[in-house]
Amino acid sequence: MKVSLTVNGVPHTDDVEPRTLLVQFIRDQVGLTGTNIGCDTSSGGACTVHIDGESVKSCTVLAVQADGADITTIEGLANGDQLHPMQQAFMENHGLQCGYCTPGMIMAATSLLEENPHPTEREVRIGLEGNLCRCTGYHNIVKAILAAAEGAPA
Ligand code: FES
(Lines give C-alpha, C1' and ligand atoms only; values in the text may rest on other atoms or scores of the structure.)
Protein backbone atom coordinates (compact mmCIF):
# COMPACT_ATOMS: atom_id res chain seq x y z
CA MET A 1 0.00 0.00 0.00
CA LYS A 2 1.16 3.51 -0.68
CA VAL A 3 1.42 6.04 2.11
CA SER A 4 2.15 9.75 1.80
CA LEU A 5 2.82 11.87 4.82
CA THR A 6 4.96 14.75 5.96
CA VAL A 7 7.65 14.25 8.57
CA ASN A 8 9.22 17.37 10.06
CA GLY A 9 8.06 19.36 7.05
CA VAL A 10 9.45 16.94 4.46
CA PRO A 11 6.99 14.97 2.32
CA HIS A 12 7.51 11.19 2.16
CA THR A 13 5.71 8.71 -0.08
CA ASP A 14 6.54 5.02 0.16
CA ASP A 15 5.11 1.53 -0.09
CA VAL A 16 4.27 -0.15 3.20
CA GLU A 17 2.78 -3.42 4.27
CA PRO A 18 -0.66 -2.93 5.83
CA ARG A 19 0.76 -4.08 9.19
CA THR A 20 3.62 -1.55 9.23
CA LEU A 21 3.45 0.57 12.35
CA LEU A 22 4.02 4.29 12.12
CA VAL A 23 7.07 3.98 14.39
CA GLN A 24 8.58 1.42 12.01
CA PHE A 25 7.86 3.66 9.05
CA ILE A 26 9.54 6.63 10.76
CA ARG A 27 12.60 4.64 11.81
CA ASP A 28 13.09 2.23 8.92
CA GLN A 29 11.71 4.03 5.90
CA VAL A 30 12.16 7.69 6.74
CA GLY A 31 15.42 6.92 8.58
CA LEU A 32 14.78 9.02 11.70
CA THR A 33 15.83 6.92 14.67
CA GLY A 34 15.23 9.42 17.48
CA THR A 35 11.78 7.92 17.94
CA ASN A 36 12.43 4.82 20.00
CA ILE A 37 10.61 1.52 20.31
CA GLY A 38 10.59 0.78 24.01
CA CYS A 39 7.95 -1.83 24.65
CA ASP A 40 5.81 -2.46 21.58
CA THR A 41 2.82 -2.74 23.90
CA SER A 42 1.81 0.94 24.04
CA SER A 43 2.88 1.27 27.66
CA GLY A 44 6.17 3.15 27.65
CA GLY A 45 5.81 6.13 25.33
CA ALA A 46 9.40 6.17 24.00
CA CYS A 47 7.79 6.22 20.55
CA THR A 48 5.74 9.39 21.15
CA VAL A 49 5.49 11.77 18.19
CA HIS A 50 3.06 14.51 17.21
CA ILE A 51 0.46 13.68 14.58
CA ASP A 52 -1.24 16.83 13.31
CA GLY A 53 -0.10 18.50 16.52
CA GLU A 54 -1.37 15.82 18.92
CA SER A 55 0.95 13.69 21.04
CA VAL A 56 0.52 10.02 20.01
CA LYS A 57 2.41 6.80 20.70
CA SER A 58 3.52 5.91 17.19
CA CYS A 59 3.46 2.17 17.92
CA THR A 60 -0.31 2.40 18.30
CA VAL A 61 -0.89 3.70 14.79
CA LEU A 62 -0.49 1.93 11.46
CA ALA A 63 1.49 3.85 8.88
CA VAL A 64 -1.53 3.71 6.55
CA GLN A 65 -3.70 5.30 9.23
CA ALA A 66 -1.33 8.26 9.22
CA ASP A 67 -1.68 8.74 5.47
CA GLY A 68 -1.86 12.46 4.75
CA ALA A 69 -0.82 13.43 8.28
CA ASP A 70 1.71 15.97 9.39
CA ILE A 71 4.16 14.22 11.74
CA THR A 72 6.70 15.86 14.02
CA THR A 73 9.43 13.77 15.61
CA ILE A 74 12.13 14.74 18.09
CA GLU A 75 14.41 15.57 15.15
CA GLY A 76 11.92 18.23 14.05
CA LEU A 77 11.84 20.25 17.29
CA ALA A 78 15.13 22.12 17.17
CA ASN A 79 15.54 25.09 14.87
CA GLY A 80 18.90 24.35 13.27
CA ASP A 81 21.46 24.52 16.07
CA GLN A 82 18.97 26.16 18.40
CA LEU A 83 17.35 23.66 20.73
CA HIS A 84 13.63 23.79 21.38
CA PRO A 85 13.03 25.37 24.83
CA MET A 86 11.91 21.96 26.14
CA GLN A 87 15.12 20.31 24.92
CA GLN A 88 17.09 23.15 26.54
CA ALA A 89 15.19 22.69 29.81
CA PHE A 90 15.85 18.94 29.83
CA MET A 91 19.54 19.62 29.24
CA GLU A 92 19.80 22.30 31.94
CA ASN A 93 17.88 20.28 34.53
CA HIS A 94 19.49 16.97 33.65
CA GLY A 95 16.07 15.54 32.79
CA LEU A 96 17.50 12.25 31.63
CA GLN A 97 19.57 9.34 32.74
CA CYS A 98 20.12 6.76 30.00
CA GLY A 99 18.21 8.97 27.55
CA TYR A 100 16.13 6.23 25.96
CA CYS A 101 12.76 7.63 27.02
CA THR A 102 13.86 11.24 26.45
CA PRO A 103 12.57 11.80 22.89
CA GLY A 104 9.13 10.51 23.87
CA MET A 105 9.16 12.48 27.13
CA ILE A 106 10.02 15.68 25.30
CA MET A 107 7.36 15.14 22.64
CA ALA A 108 4.74 14.42 25.32
CA ALA A 109 5.93 17.40 27.39
CA THR A 110 5.74 19.89 24.52
CA SER A 111 2.22 18.72 23.80
CA LEU A 112 1.32 19.01 27.49
CA LEU A 113 2.47 22.63 27.63
CA GLU A 114 0.58 23.47 24.47
CA GLU A 115 -2.60 22.34 26.19
CA ASN A 116 -1.70 23.72 29.60
CA PRO A 117 1.14 26.28 29.42
CA HIS A 118 1.48 26.64 33.20
CA PRO A 119 0.78 23.27 34.81
CA THR A 120 1.24 22.44 38.46
CA GLU A 121 3.74 19.74 39.39
CA ARG A 122 0.84 17.34 39.88
CA GLU A 123 -0.57 18.17 36.44
CA VAL A 124 2.85 17.47 34.89
CA ARG A 125 3.05 14.12 36.64
CA ILE A 126 -0.48 13.20 35.53
CA GLY A 127 0.20 14.46 32.00
CA LEU A 128 3.23 12.22 31.73
CA GLU A 129 1.68 9.08 33.12
CA GLY A 130 1.79 7.42 29.68
CA ASN A 131 5.54 7.85 29.48
CA LEU A 132 7.80 5.59 31.50
CA CYS A 133 11.43 6.12 32.49
CA ARG A 134 13.07 2.86 33.42
CA CYS A 135 15.84 4.74 35.21
CA THR A 136 13.07 6.33 37.32
CA GLY A 137 14.48 9.78 36.60
CA TYR A 138 11.10 11.43 36.99
CA HIS A 139 12.14 14.08 39.49
CA ASN A 140 14.40 15.93 37.06
CA ILE A 141 12.08 15.31 34.12
CA VAL A 142 9.26 17.03 36.00
CA LYS A 143 11.66 19.80 37.08
CA ALA A 144 12.68 20.34 33.45
CA ILE A 145 9.08 20.61 32.28
CA LEU A 146 8.21 23.06 35.04
CA ALA A 147 11.28 25.11 34.11
CA ALA A 148 10.22 25.12 30.45
CA ALA A 149 6.73 26.21 31.54
CA GLU A 150 8.20 29.10 33.52
CA GLY A 151 9.85 30.33 30.36
CA ALA A 152 6.62 29.99 28.40
CA PRO A 153 4.69 33.16 27.60
CA ALA A 154 1.91 33.83 30.15
S1 FES B 1 6.96 1.34 21.87
FE2 FES B 1 6.28 1.43 23.95
S3 FES B 1 4.58 2.79 23.89
FE4 FES B 1 5.18 2.60 21.79
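These legends walk through several close-up views of one predicted model. Residues are numbered from 1 along each chain as its sequence is written, and in this predicted model local features need pLDDT of at least 70, side-chain atom pairs count only at pLDDT 80 or more, and totals for chains, interfaces and linings use all residues. Side-chain values use heavy atoms, with hydrogens and water left out.

**View 1. Here is an open sheet of 5 strands.**
Read across the sheet and the strand order is 2-1-5-3-4, with mixed pairing. Two strands pair if DSSP finds at least two bridges between them; strands (E, at least two residues) and helices (H or I, at least four) are DSSP runs, numbered from the N terminus. Strand 2 (10–15) and strand 4 (54–57) are the edge strands, each pairing on one side only. Ignoring direction, neighbouring strands of this sheet are turned by 40° against each other on average. Axes here are lines fitted to C-alpha atoms, for helices over the stretch in contact, and angles run from 0 to 180 degrees between N-to-C directions.

**View 2. Strand 1 meets strand 5, with two helices packed on the sheet.**
Strand 1 (residues 2–7) and strand 5 (residues 70–72) run in the parallel sense, paired over 2 bridges. Look for V7, which stands opposite I71 in strand 5. Helix 1 (residues 22–30) packs on the sheet and touches strand 1, strand 2, strand 3 (48–51) and strand 5, where contact means heavy atoms within 4.5 Å. The direction of helix 1 makes about 100° with that of strand 2. Helix 3 (residues 102–115) also packs on the sheet, touching strand 3, strand 4 and strand 5, and its direction makes about 45° with that of strand 3.

**View 3. Strand 3 and strand 4 form a hairpin.**
These two strands pair in the antiparallel sense over 4 bridges. To find one bridge, start at T48: its partner in strand 4 is K57. The hairpin has 2 residues between the strands, and D52 takes a positive phi near 50°.

**View 4. Zoom in on D15, a residue of strand 2.**
Is D15 buried or exposed? Neither quite fits: D15 is partly exposed, with a relative accessible area of 48% (buried means under 20%, exposed over 50%, partly exposed in between, using a 1.4 Å probe and protein chains only). Leaving aside neighbours within four places in sequence, D15 is in contact with M1, K2 and Q29. I26 is 11 residues apart from D15 along the chain, and their C-alpha atoms are separated by 13 Å.

**View 5. Helix 2 crosses helix 5.**
The axes of helix 2 (residues 85–92) and helix 5 (residues 138–150) come within 8 Å and cross at roughly 135°. That makes the two helices oblique to each other (under 35 degrees is roughly parallel, over 145 roughly antiparallel, 65 to 115 roughly perpendicular, and the rest oblique). P85, M86, A89 and F90 of helix 2 make the contact with I141, A144, I145 and A148 of helix 5. The residues of this contact divide into 8 nonpolar, no polar and no charged (Ala, Val, Leu, Ile, Met, Phe, Trp, Tyr, Cys and Pro count as nonpolar, Asp, Glu, Lys and Arg as charged, and the others, Gly among them, as polar).

**View 6. Helix 3 crosses helix 5.**
Here the axes come within 11 Å and cross at roughly 40°, so helix 3 and helix 5 are oblique to each other. M105, A109, L112 and L113 in helix 3 meet Y138, I141, I145, A148 and A149 in helix 5. By class, that gives 9 nonpolar, no polar and no charged residues.
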